Structure formats: structure tokens, C-alpha cells
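Let's take a walk through this one together, a piece at a time. Keep the sequence and the 3D view open as you read.

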Amino acid sequence: MVGAGPGDPDLLTVAALRLIEEPGELVIADRLISSEVLALVQGELRIARKTPGCAEQAQNEIYEWVAEGVASGRHVIRLRIGDPFVFGRGGEEILEFRKLLGGALVPRVVPGVSAAFAAPLLGGIPVTHRGSAHRVVMSTGFGRNCSSPELPNYDDQTTTVFLMAVGRLPELCVGLQERGYPSSCAAAVIERAGCPDMRVLVGSVGTIARLAAEHEMRPPSTIIFGDVVRVVHGDFE
């Protein structure tokens, strides 16, 4: 289980880079891994298309590929975006791999750089800053079975970071305002952090959903709410 970081191949760990550059490996990835990282794979590459409505089917395909690869004596690498254990399914996959392999093999884990901290900084946003935020809260936009996780209450000294939530941005902004977030609270969306086509969208709780729709922001994206957005970018959209 290897974390691929937020997308920039320069943010791969040395361990991850060494593994995916081995020519004999079977590397199993999904559509969120950047093309720049996938281009470094020297062995066989299989990509599960985890598109909306097909996620479970693709997940089962991943499990089948892993079991098939191990059964044939191959070194299998499951490559996941960011850090697989920060709102990813890293833990679930590890447990499933153990069942598939009858407990005979314990998968090795290579952590990745999480987009929760790297993406904001790549977009010019520090998640903490003296006078603006002394606390960071992380959340996912989708809970188990596509449920909506409980949202945090507003605190003007807290930065709130959401992963895998751009598809629920309008609903998210309404829910945050119900939790006390003022419509003027700064907000940003970082799309494909660190990649050549990275985009940074800056607005507020009251405007960011409309702006994201206008500019067709897509996964993988990281969403940040809090005064830290204004530290570098100032007070503008």
C-alpha cells in the first residue's frame, strides 16, 4: 500500500518512487492518481475507473487484481492518492487484503504526503498562521454509504479542511452557515494540487459554491475555510 501524494511527482516519498520504478511490479492505481505520477511506473499498470456509480465495482476489481497478482507470485503495489489512511480506504483495503490472502502475508505500508496539508500550502494557503488560526480540523465530504459527516461549529481561529468534498460544495456551504460560519468567511478550492494544471479558486462561504460551478472545479480537490485563506491571497475573489 503506497501513498502517491497529492499529484506532483516531486512530492512522492523516496520509498514510493523506488517501488513504482521497479520494472517487474504490478501497480494497481485508480483514476485520481495524476498522469505525471503514473508516467513513472515501469512495471505493469492497471487502473480501476472509480467513477460515480461504479465505485464498488471498481473496488472489487482492485481486490481481484491484488489476489491474482499475489497468487501468481508477483510483487503487487496498490497506489493510492495522498496518504491512503487520511480519509482514504487504506485501512479497509489492508483488512480485505489480509482476508483475501488468508492472513499469510501482511501488506507493507508506505505513507504518502496528505493533500490535507500539502494542497493548501501549494495553493498559497498556510493551514495555521499566528492571529488567524491555531487549530486545524479535517473532514471528508462523504461518510460511509455516501452519508454526510457532521460539520464542525464555527471558530474564527480554526482552519477547516475538507477532502473529497467538491461534489457536495453547495450542500457543504449551507451546512457550515447553519453551524455559524458567516457568509463572508474566506474559502478556497485547490484542484490537482502541485500538478501543471493546478487551479486555485478563492472566494467565501457565500460565493465559493457558485464560483466552483462556474469554473467546473473537479476532483481531486481540497477545500479550505478560514481566515488563513486571506493571509497570502488578500480579501478578493
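In which strand is M138 found? Look at β5, which covers residues 135–140. Before going on, bear in mind that this is a predicted model. M138 is partly exposed, because its relative accessible area is 34%, and buried would mean under 20%. M138 also helps to make a nonpolar surface patch of about 350 Å², together with F87, F117 and M164.

Two other members of that patch deserve a look at their backbones. F87 sits in the loop between β4 (76–80) and α4 (90–100), and its phi is near 60°, a positive value in a residue other than glycine. M164 is found in the loop between β6 and α6, and its phi, near 55°, is positive as well. Why mention it? Most residues other than glycine have a negative phi. As for exposure, F87 has 31% relative accessibility, so it counts as partly exposed. M164 is at 43%, so it counts as partly exposed too.

Now move along the chain to helix α6, residues 169–178. The buried residues here are L169, L172, C173, G175 and L176. They cover an arc of only 165° around the axis, so they lie on the same side of α6. The spacing makes sense if you recall that an α-helix has 3.6 residues a turn, so residues three or four places apart point the same way. What covers these buried residues of α6? The cover includes strands β6 (158–163), β7 (186–191) and β9 (221–225), along with helix α7 (208–214). Just past the end of α6, G180 takes a positive phi of about 105°.

From the cover, pick out α7, where A212 is found. A212 is buried, because its relative accessibility is 8%. Setting aside neighbours within four places in sequence, A212 is in contact with L169, L201 and M217. L169 is one of the buried residues of α6 that you've just met. For a sense of distance, try A71: its C-alpha atom is 45 Å from that of A212, and the two residues are 141 apart along the chain. Carry on into the loop between α7 and β9 and you'll find P220. The peptide bond from P219 to P220 is cis, with omega near -5°. That's worth a second glance, since most peptide bonds are trans.

Next come the aromatics. The structure holds four aromatic pairs. The ring centres of F162 and F225 are 5.9 Å apart and the planes are at 85°, so this pair is edge-to-face. F162 belongs to strand β6 and F225 to strand β9, so to speak distant parts of the chain, 63 residues apart. F162 is buried, because its relative accessibility is 0%, and F225 is buried at 0% too. F225 has another partner in Y181: that pair is also edge-to-face, with 6.5 Å centre to centre and 75° between the planes. Y181 lies in the loop between α6 and β7 while F225 is in β9, so the pair ties together parts that are 44 residues apart in sequence. Y181 is buried, like F225. Add Y154, and ring pairs link Y154, F162, Y181 and F225 into a cluster.

Finally, the charges. How many salt bridges does the structure hold? The count is 17. One of them joins E93 to R78, with the closest N and O atoms 2.9 Å apart. E93 lies in helix α4 and R78 in strand β4, so the pair ties together parts that are 15 residues apart in sequence. Both E93 and R78 are buried. They also belong to a network of salt bridges that links D30, R78, R80 and E93.

Compare the pair of E150 and R179, whose closest N and O atoms are 3.4 Å apart. E150 is in the loop between β5 and β6, and R179 is in the loop between α6 and β7, 29 residues apart. E150 counts as exposed, because its relative accessibility is 64%. R179 is at 30%, so it counts as partly exposed. One more to look up is R230 with D227, where the closest N and O atoms are 3.6 Å apart. R230 is partly exposed at 25%, and D227 is partly exposed at 33%.

Conventions: Residues numbered from 1 in each chain as written. Predicted model: local features only at pLDDT ≥ 70, side-chain atom pairs only at ≥ 80, totals over all residues. Heavy atoms only, no water. Patch = residues over 30% accessible without salt bridge, like charges linked within 9 Å, V, L, I, M, F, W, Y side chains within 5 Å. Areas by Shrake-Rupley, 256 points an atom, 1.4 Å probe, with all protein chains shown as cover. Salt bridge = Lys/Arg side-chain N within 4 Å of Asp/Glu carboxyl O. Helix = DSSP H or I, 4+ residues; strand = E, 2+ residues; numbered from the N terminus. Buried < 20%, exposed > 50% of the residue type's maximum accessible area, 1.4 Å probe, protein only. Arc of directions from axis to C-beta. Contact = heavy atoms within 4.5 Å. Phe/Tyr/Trp six-rings, centres within 6.5 Å; stacked < 30°, edge-to-face > 60°.
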